[in-house]
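User: Please take a close look at one part of this structure and explain, for a first-year student, how it is put together and what lies around it.

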Amino acid sequence: MMPLVYANVGEKQIIKKIGGSQETKKHLADLGFNVGGDVSIVNTLDGNVIVNVKESRVALSEELARKIMV
């Protein structure tokens, strides 16, 4: 298990755990990040990532991406 920021670009990953406060977990769930869901990194820039999740593209800060374990 590793933080999402360390995943390779283009590789499909499965979300295993989401950390952080209840508020952070709810925010990520509202964006479509749920345990067991698929996610893949489209691009990275200075630690920030753009990911495909539930057929949508979402930009995440490095801080948030580190809370998603794949």
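Analyst: Two strands count as paired if DSSP finds at least two bridges between them. The strands themselves are DSSP runs of type E with at least two residues, whereas helices are runs of type H or I with at least four residues, and both kinds are numbered from the N terminus. With these terms, the part chosen here is strand 4, which covers residues 48-53.

The model is predicted, so local features need a pLDDT of at least 70 and side-chain atom pairs count only at pLDDT 80 or more, while totals for chains, interfaces and linings use all residues. Residues are numbered from 1 along each chain as its sequence is written, and side-chain values use heavy atoms, with hydrogens and water left out.

The setting comes first. The protein chain contains two helices and six strands, and along the sequence they follow the pattern β-β-α-β-β-β-α-β. Strand 4 belongs to an open sheet of four strands in the order 1-3-4-5, paired in the antiparallel sense. Strand 1 and strand 5 stand at the edges with a single partner strand each, so one side of each has no neighbour in the sheet. On average, neighbouring strands of this sheet are turned by 35° against each other, with direction ignored; the axes behind this value are lines fitted to C-alpha atoms, and angles run from 0 to 180 degrees between N-to-C directions. In general, strands of a sheet pair through backbone hydrogen bonds, either parallel or antiparallel.

Next comes the partnership with strand 5. Strand 4 and strand 5 are joined by five bridges in the antiparallel sense. Within this pairing, Val 49 has Leu 60 of strand 5 as its bridge partner, and Asn 52 stands opposite Arg 57 of strand 5. The two strands form a hairpin with two residues between them, and in this hairpin Lys 54 takes a positive phi near 50°.

The residues of strand 4 can now be considered one by one, beginning at its end. Val 53 is buried, with a relative accessibility of 2%; buried means under 20% relative accessible area, exposed means over 50%, and partly exposed lies in between, using a 1.4 Å probe and protein chains only. A contact means heavy atoms within 4.5 Å. Leaving out residues up to four places away in sequence, Val 53 touches Leu 31, Gly 32, Phe 33, Asp 38, Val 39 and Val 58. The C-alpha atoms of Val 53 and Asn 34 are separated by 9.6 Å, although these residues are 19 positions apart along the chain.

Val 51, with the same exclusion of sequence neighbours, touches Leu 4, Phe 33, Val 39, Ser 40, Ile 41, Val 42, Ser 56, Arg 57, Val 58 and Leu 60. Ser 40, one of these partners, lies in strand 3 and is buried at 16% relative accessibility. Apart from its own neighbours within four places, Ser 40 is in contact with Glu 11, Lys 12, Ile 50, Val 51 and Asn 52.

Val 51 also takes part in the largest nonpolar core, a set of buried Ala, Val, Leu, Ile, Met, Phe, Trp, Tyr and Cys residues joined through side-chain atoms within 4.5 Å. Of its 18 residues, those touching the most other members are Leu 4, Leu 28, Phe 33, Val 39, Val 51, Leu 60 and Ile 68. Strand 3, strand 4, strand 5 (56-60) and helix 2 (62-65) each give two or more residues to this core, and strand 4 gives the most, with three.

Asp 38, a contact of Val 53, leads to the polar side of this neighbourhood. Its side chain meets that of Lys 12 in a salt bridge at 3.3 Å, N to O; the term requires a side-chain nitrogen of Lys or Arg within 4 Å of a carboxyl oxygen of Asp or Glu. Lys 12 lies in strand 1 (residues 12-14) and Asp 38 in strand 3 (residues 38-45), so the pair ties together parts that are 26 residues apart in sequence. Lys 12 is exposed at 63% relative accessibility, whereas Asp 38 is partly exposed at 37%. The structure holds three salt bridges.

In summary, strand 4 pairs with strand 5 over five bridges and gives the most residues to the largest nonpolar core.
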